[in-house]
Amino acid sequence: MAAAARSPIEKSFDEMGRYQRHRRLLLALLIGAFCILLVFGGSLHDELGHERIEAHGIALILIGIGGRLWSILYIGGRKSAEVVATGPYSVMRNPLYFFSTIAAAGIGSQTGSVIVAVASAALCAAAFYIVTLREERHLITVLGAPYKDYITRVPRFFPNPRLFRDQAEVTFTPRIFNHTLIDGLAFLISIPFFELVESGQEVGVIPVLFWLY
């Protein structure tokens, strides 16, 4: 008996799954290459300025982690099942990506360079912008008119606080929440990593090939 033809929604899920796997691999490779490059960069700021940038960066990382956890409480396991338009999803369509970009700026700040912090956020935002375009096509196929209406009301990436609305209760999947927590805590690895790099540069083990402000 011939296999039943797959519906457009089933095909969209298959394509989206493959896309997400490739996207994660490519993003990991790009992040790795970027971090390796930064190992050989030095900061032009004095010690006090360097420490201030790092301290602000830690705050940004914590905001990013907290924001991602806040977002996953509302969307965990339901992204392709229904339109979620409350909490962080009432003010922007992609809060997970927004807060990840904030965390990326914090990670870049651990180099003591404002330029690296801004570049990290910009590269992260650009990558997520490409991802959101693909995801939106998938969600329009799966969720239809309700998602199209959501797109017309809520900005893609930059939050509009005036749109905020909430609900009395939310349910979440602990497994997804815990996975997001672990992912977020991984951002904190950048703090000791760049401290070790800085120490290596100070003793001459790691050469400084370029300087950034």
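This dialogue walks through how helices are read in one predicted model.

Me: How many helices and strands does the protein have, and what should I know about the model before I begin?

Reply: The protein has 7 helices and 2 strands, where helices (H or I, at least four residues) and strands (E, at least two) are DSSP runs numbered from the N terminus. From the N terminus on, the elements run α-β-α-α-α-α-α-α-β. The model is predicted, and local features need pLDDT of at least 70, side-chain atom pairs count only at pLDDT 80 or more, and totals for chains, interfaces and linings use all residues. Residues are numbered from 1 along each chain as its sequence is written, and side-chain values use heavy atoms, with hydrogens and water left out.

Me: How is a pair of helices described, and at what angle do the axes of H2 and H7 cross?

Reply: Two packed helices are described by the angle between their axes and the distance between the axes. Here the axes of H2 (residues 47–75) and H7 (residues 190–202) come within 11 Å and cross at roughly 160 degrees, with axes being lines fitted to C-alpha atoms over the stretch in contact and angles running from 0 to 180 degrees between N-to-C directions. That makes H2 roughly antiparallel to H7, a word used for angles over 145 degrees.

Me: Which residues make the contact?

Reply: On H2 they are His50, Glu54, Ile58 and Ile61, and on H7 they are Ser190, Ile191, Glu195 and Glu198, contact meaning heavy atoms within 4.5 Å.

Me: Is H3 largely enclosed or open?

Reply: Of the 15 residues of H3, 14 are buried (under 20% relative accessible area, 1.4 Å probe, protein chains only), so H3 is largely enclosed by the rest of the structure. Across the 213 residues of the protein, 41% count as buried.

How values were computed:
Parallel < 35°, antiparallel > 145°, perpendicular 65-115°, else oblique. Buried < 20%, exposed > 50% of the residue type's maximum accessible area, 1.4 Å probe, protein only.
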